Amino acid sequence: MVQYARTRLDASFAALSDATRRGVLERLGRADASITDLAEAFQMTLTGMKKHVGVLEQAGLVTTEKVGRVRTCKLGLRRLEEEAAWIERHRDLWDARFDELDKVVEELKRKEKVDGQKKRG
């Protein structure tokens, strides 16, 4: 189970790491589109868009259906709940680290102020 979840996260984050693929997901969130429509919208070749859609499809974020010569893309059924939970866990970790750093900075500022007053006095 852990290995499957890690593989799935890797595929999702790899798919989401590219701005074009994130744009495709946003576009498909508004309406289904053919690969031709997507290629035109992103000023890209059909081959290039097919590769992007393939990465999204492997990650389960997009599904495609071919009817005749037209391949239509739509958002996949899979939601990004696991990915959001992973990000949230790491956000909590970083928030805690930054809170500790804030405490150190405030303590250094306080000491600097006290030292400055001693030198003047």
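# Charges, patches and strands in a predicted model

Colleague: What does Val-104 count as, going by relative accessibility?

Modeller: Val-104 counts as partly exposed, because its relative accessibility is 46%; buried would mean under 20% relative accessible area and exposed over 50%, with partly exposed in between, using a 1.4 Å probe and protein chains only. This is a predicted model, in which local features need pLDDT of at least 70 and side-chain atom pairs count only at pLDDT 80 or more, while totals for chains, interfaces and linings use all residues. Residues are numbered from 1 along each chain as its sequence is written, and side-chain values use heavy atoms, with hydrogens and water left out.

Colleague: Where is Val-104 found, and which residues make the nonpolar surface patch?

Modeller: Val-104 is in helix α5, where a helix is a DSSP run of H or I with at least four residues, a strand is a run of E with at least two, and both are numbered from the N terminus. The nonpolar surface patch covers about 650 Å² and consists of Leu-93, Trp-94, Phe-98, Leu-101, Val-104, Val-105 and Leu-108. Patches take residues with over 30% relative accessible area and no salt bridge, joining like charges within 9 Å and nonpolar side chains (Val, Leu, Ile, Met, Phe, Trp, Tyr) within 5 Å. The accessible areas come from the Shrake-Rupley method with a 1.4 Å probe, and for residues only the protein chains shown count as cover.

Colleague: Okay, charges next. Which residues gather in the patch of negative charge?

Modeller: Asp-92, Asp-95, Asp-99 and Asp-102 gather in that surface patch; among them, Asp-95 lies in helix α5 and is partly exposed, since its relative accessible area is 40%. For charge, Lys and Arg count as positive and Asp and Glu as negative, while His and the chain ends are not counted, and the place of a charge is NZ of Lys, CZ of Arg, CG of Asp or CD of Glu.

Colleague: And which residues form the positive one?

Modeller: Lys-50, Lys-66, Arg-69 and Arg-71 form the positive surface patch. Lys-66 is in strand β2, residues 62-67, and Lys-66 counts as exposed because its relative accessibility is 52%.

Colleague: Since you mention β2, how many bridges join β2 to β3?

Modeller: Six bridges join β2 to β3 (residues 70-75), and the two strands run antiparallel; strands are taken to pair if DSSP finds at least two bridges between them. One of the bridge partners is Val-70 in β3, which is matched with Val-67. The two strands form a hairpin with two residues between them, and Gly-68 in the turn has a positive phi of about 65°.

Colleague: What is the strand order in the sheet, and why is one side of β1 and of β2 left without a neighbour?

Modeller: The sheet is open and has three strands in the order β1-β3-β2, with antiparallel pairing. β1 (33-34) and β2 stand at the edges with a single partner strand each, so one side of each has no neighbour in the sheet.

Colleague: Back to charges: how many salt bridges does the structure hold?

Modeller: It holds five, a salt bridge being a side-chain nitrogen of Lys or Arg within 4 Å of a carboxyl oxygen of Asp or Glu. One of them joins Glu-82 to Arg-8, with the closest N and O atoms 3.5 Å apart. That pair links distant parts of the chain, as Glu-82 is in helix α5 (residues 81-120) and Arg-8 is in helix α1 (residues 2-16), 74 residues apart. Glu-82 is partly exposed, at a relative accessible area of 32%.

Colleague: What does Arg-91 pair with in a salt bridge?

Modeller: Arg-91 pairs with Glu-88, the closest N and O atoms being 3.1 Å apart, and both residues lie in helix α5, three residues apart, or about one turn of the helix. Glu-88 is partly exposed at 35% relative accessible area, and Arg-91 also counts as partly exposed, at 43% relative accessibility.

Colleague: Then Lys-103 and Glu-100: what is the N to O distance?

Modeller: Their side chains meet in a salt bridge at 3.3 Å, N to O, and they are separated by about one helical turn because they are three residues apart in helix α5. Lys-103 is exposed at a relative accessible area of 53%, whereas Glu-100 counts as partly exposed at 46% relative accessibility.

Colleague: Last one: is Leu-56 buried or exposed?

Modeller: Leu-56, in helix α4 (residues 46-58), is buried because its relative accessible area is 0%. Its C-alpha atom is separated by 11 Å from that of Thr-20, which is 36 residues apart from Leu-56 along the chain.
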